[in-house]
Amino acid sequence: MHTPYNTNLPPDLRALKEEIEGHARGYGLDFFETIFEVIDADDLNEIAAYGGFPTRYPHWSFGMAYEELRKSYTYGLSKIYEMVINNDPCYAYLMRCNHLMDQKLVMAHVYGHCDFFKNNAYFAHTNRKMMDEMANHGARIRRYAEKYGEDAVEAFLDRCMSIDDLIDIHSTAIRRRNDTSRYDFSSEKDEAQEVRPTRFKSKDYMDEYINPPNVLKAEQDERRKEQDKIASSFPERPEKDVLLFLIQYAPLKGWQRDILEIVRDEAYYFMPQAQTKVINEGWASYWHSTIMTQKAMEPKEVIDYADHHSGTMAMHGGRLNPYKLGIELLRDIEHRWNTGKFGKEWEECDDLEQRRKWNRDLGLGRKKIFEVRRVHNDITFIDTFLTPEFCVEHKLFSYAYQEQAGMYYIDSREFAKIKQRLLFSLTNFGKPWIYVVDGNYRNRGEMLLLHQFNGVELRLDQAADTLVNIQTIWGRPVHLQTTVDGKPTMLSFDGTDHTIRSGGEINDPARATSGKTT
């Protein structure tokens, strides 16, 4: 049992916080009030296992995450230096056993994150009182567990958490559905106007030739058929937010619907952090590097700082370090906009020597990276600012696995392939796009899902588990249209047996096509 202890900043760290905060604001960073708490390593691992929210609802998966973090720290394999929560005020946790130099670095890093949380467009929709909301979620789920039994609540929570990524990550910026329901009959509309054909402006005596009656009637009939098709569709158009569809239409009890809404709300809260991992960590690393090297670091701390900073930025085999890619790309942007290496004149210059010595002394770099921080996520960040020169300078390459040799090899150093691989791995976090295309498939209340195939096939074992979880919530058989070995394939689960049918087609090809549009 833990002995309670004071988590407030001691006087020396409080003075350090005020100093680092002053430096951060002096550079133009803008953030909510930030509350630091100093805790032991074991408590930090526990909070990290809960996603940063110690008041979150209980679940066995958080216990597994804690055990992994605890053992990794005990064996010296990893160490959590900091944790910061997107909230107003922001909460940040410092490890009690860190050296003073580490605490400085962490505080500077935290203020970079806090500035990003407040000002980046992709965090604008997030709940700024999520610490309180998480406590509310935890209280509600604990109450359900007491009332309906821990086993029943945990079993249903398992199903919901296993499909918490089946949401529409772009719905916060794109209006997917009309504000007025199609079942709202309060205002009557003239049907003739709804299916009015395209009529070109013309003189009266030319109207019959410019707008032939037979053509207008054919177009009107076609539009009326399309309207009737949409009106009879359920949902009206392919629905990317599978969780929302289940919340609205699945035959759930009140407490089950509430739990599913909780899981969905938290998924949308954490979504921007996954969308901005590279640029967010790059931004925080840029500012801890700038503040430490220009303002806060003492001469005696240089070696320790260099050691810890380089450890954070180190690239390891088999994966890309978001800290390293983010900070280097931001520095490259700053350098390019300081020297004028952008725009039409720069792009049209073919003289390599002139490009190498190019310097217009514009001094726009710092202003530009603040703009980048405000409007970009990882995909747009890399798509817009990754350059062939950057890839050459940092020795980037794409790699592939050779099954015969049993080893990885360099596939290409071409800029186009490197960029394509990066963007592909970041799109939807590397997960498949799944749509609900029919909630009354075969007119039997079954659900039909569509996998938007982009060249990568689904893992059939994981697809089968997903179908089981969705079927449990939906209560009727669930089908998934995908591609296996280049052939259209229907995966189905009826609550008892799994079936796979090659050549399975969606009944309405038009709806299948529309489902491929993101």
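A salt bridge here means a side-chain nitrogen of Lys or Arg within 4 Å of a carboxyl oxygen of Asp or Glu. Keep that cut-off in mind for the close-ups below, which come from a predicted model.

**Figure 1. Glu236 and Arg237 pair up side by side in a salt bridge.** The closest N and O atoms of Glu236 and Arg237 sit 3.8 Å apart, so the pair makes the list because the cut-off is 4 Å. Neither partner is hidden away: Glu236 is partly exposed at 25% relative accessibility, and Arg237 is partly exposed too, at 39%. If you go hunting through the whole structure, the search turns up 28 salt bridges.

**Figure 2. Glu67 and Arg70 join hands along helix H3.** Here the N to O distance is 2.8 Å. The two residues are three apart in helix H3, which runs over residues 60-74, so about one helical turn separates them. Both ends of this bridge are partly exposed, with Glu67 at 30% relative accessibility and Arg70 at 28%.

**Figure 3. Arg264 and Asp241 form a salt bridge between buried residues.** The side chains meet at 2.7 Å, N to O. This pair ties together distant parts of the chain, 23 residues apart: Arg264 belongs to helix H11 (residues 254-275), while Asp241 lies in the loop between helix H9 (213-232) and helix H10 (242-249). Arg264 and Asp241 are both buried. Elsewhere, Lys104, Glu298, Lys300 and Glu301 are joined into one network by salt bridges that share partners.

**Figure 4. The largest nonpolar core takes in 55 residues.** Phe36, Trp283, Phe381 and Ile382 have the most contacts inside this core. The biggest contribution comes from helix H4 (residues 100-119), which gives 10 residues. Zoom in on Ile382 and, leaving aside neighbours within four places in sequence, you'll find Leu325, Leu329, Lys419, Leu422, Leu423 and Leu426 in contact with it. A second core, separate from this one, has 52 residues, including Tyr57, Cys160, Ile163 and Leu448. As a rule of thumb, nonpolar side chains in soluble globular proteins tend to be buried together.

**Figure 5. Helix H14 runs from residue 322 to residue 339.** From first C-alpha to last, this 18-residue helix reaches 26 Å, close to the 26 Å expected at 1.5 Å a residue. H14 is mostly covered, with 13 of its 18 residues buried. At the N-terminal end, Asn321 acts as the cap: one of its side-chain oxygens is 2.9 Å from the backbone nitrogen of Tyr323. After H14 comes Gly340, with a positive phi near 85 degrees.

**Figure 6. Stepping back, the protein chain has 22 helices and 10 strands.** The C-alpha trace spans about 85 × 70 × 60 Å along its principal axes. Of the 518 residues in the protein chain, 44% are buried. Taking contacts between residues at least 6 apart in sequence, 69% join residues at least 24 apart. The accessible surface of the protein chain adds up to about 28,400 Å², and carbon and sulfur atoms account for 51% of that.

How values were computed:
Residues are numbered from 1 along each chain as its sequence is written. This is a predicted model: local features need pLDDT of at least 70, side-chain atom pairs count only at pLDDT 80 or more; totals for chains, interfaces and linings use all residues. Side-chain values use heavy atoms; hydrogens and water are left out. Helices (H or I, at least four residues) and strands (E, at least two) are DSSP runs, numbered from the N terminus. Buried means under 20% relative accessible area, exposed over 50%, partly exposed in between (1.4 Å probe, protein chains only). A nonpolar core is a set of buried Ala, Val, Leu, Ile, Met, Phe, Trp, Tyr and Cys residues joined through side-chain atoms within 4.5 Å. Contact means heavy atoms within 4.5 Å. The expected span of a helix is 1.5 Å times one less than its number of residues. A polar contact is a pair of N or O atoms within 3.5 Å; within protein, one must be able to donate a hydrogen and the other to accept it, and residues adjacent in sequence count only if both atoms are side-chain atoms. Accessible areas come from the Shrake-Rupley method with a 1.4 Å probe; for residues, only the protein chains shown count as cover.
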